[in-house]
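This report looks at how the interior of a protein model is built. It covers one helix, two nonpolar cores and one strand residue.

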Amino acid sequence: MNITEVIKSVADMIGDLLVEGTVKPTGWGYTFNSDDFRRFPLANQLKGYCIYFNNAATLTGQQSYIASHAAGSPTICVVPSLPGQPLENDKFLLLKEFSGADYWETLKRAHNRGRDIYLIPFMATISLVATIWEYAVPSGFKWIDELRIVPSGHTDYDLDNVLVLHRGDWDIRANAQGTQVIMFDPRFIDLDEYDKEIVYIIGQRKPKDIAAPVSGSINTPEVPEDFLVYKMAALMSQKKLIKDWNQVQFLVRESDREESKMFRYPKPTSVRIP
């Protein structure tokens, strides 16, 4: 599920989604089915609602507001003007209370929370030199679980074919420049035995940040979509001050449940990378 699909799911969940529309071949009115026509039969009935392009050839992520439309007509006028002409089959959402920008800002909040607690398996390598006892921590790590030495010539990385270094053989420290380094302790390990060997660093990283939705780019977050949907719905519902308090409680509870499900605890001996 990409971020525009997450936004659509949240808008639908909290009752903010009026219609998912499609640009017509002529002009650029949205196409309603018969049920939708019966819902909005009056002129300017949708005036002031936000139109947000969630899947468009050139306008994905863009929004405007309905200024006017005729009775029974699927053709609308918007203000302010869009940065380009909508094209046939572009998809958009009609939103009642929130704008596309509101959803994007809330998505960033939910995603940043997910990045704080969700860990993704990550690996990097360093090459040992017998006379060097400190090695810069490769970028990207949030936690480091263990170091594995793969003997030269091996391509099978099964634990039967690698040496897992004892936790006392190494540690993570900050050097004088404040850079995090992997430090080997010469009291417990003799690097002469492993000169020129490859060390696999096993740990976890944070999910990558997300960029604003744009046309032609599938922006799929690494944070689990269920968490994002429930967390966003909870945040949007709190902003909306829903009268049905049971719905607010449900959404908050479900977002907390998804949060607890996705947290990946590192090993007890893992080292956190600041």
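## Helix H3 and the two cores

In H3, the buried residues (under 20% relative accessible area, 1.4 Å probe, protein chains only) are Gly100, Tyr103, Trp104, Thr106, Leu107, Ala110, His111, Gly114, Arg115 and Ile117. This is a predicted model: local features need pLDDT of at least 70, side-chain atom pairs count only at pLDDT 80 or more, and totals for chains, interfaces and linings use all residues. Residues are numbered from 1 along each chain as its sequence is written, and side-chain values use heavy atoms, without hydrogens and water.

Helices (H or I, at least four residues) and strands (E, at least two) are DSSP runs, numbered from the N terminus. H3 has 18 residues, and its end C-alpha atoms lie 26 Å apart; this agrees with the 26 Å expected at 1.5 Å a residue, taken as 1.5 Å times one less than the number of residues.

A nonpolar core is a set of buried Ala, Val, Leu, Ile, Met, Phe, Trp, Tyr and Cys residues joined through side-chain atoms within 4.5 Å.

| Core | Residues | Members include |
|---|---|---|
| Largest | 31 residues | Val10, Leu95, Tyr103, Leu107 |
| Second, separate | 21 residues | Ala124, Ile144, Leu147, Ile149 |

Leu107 contacts (heavy atoms within 4.5 Å) Ile3, Val6, Ile7, Ile210, Leu228 and Met232, leaving out residues up to four places away in sequence.

Leu147 sits in strand E8 (residues 141-150). Leu147 is buried, at 0% relative accessible area. Beyond four places in sequence, its contacts include Trp170, Phe184 and Tyr200. Leu165 is 18 residues away along the chain, yet the C-alpha atoms of Leu147 and Leu165 are 5.7 Å apart.

Key. Buried < 20%, exposed > 50% of the residue type's maximum accessible area, 1.4 Å probe, protein only.
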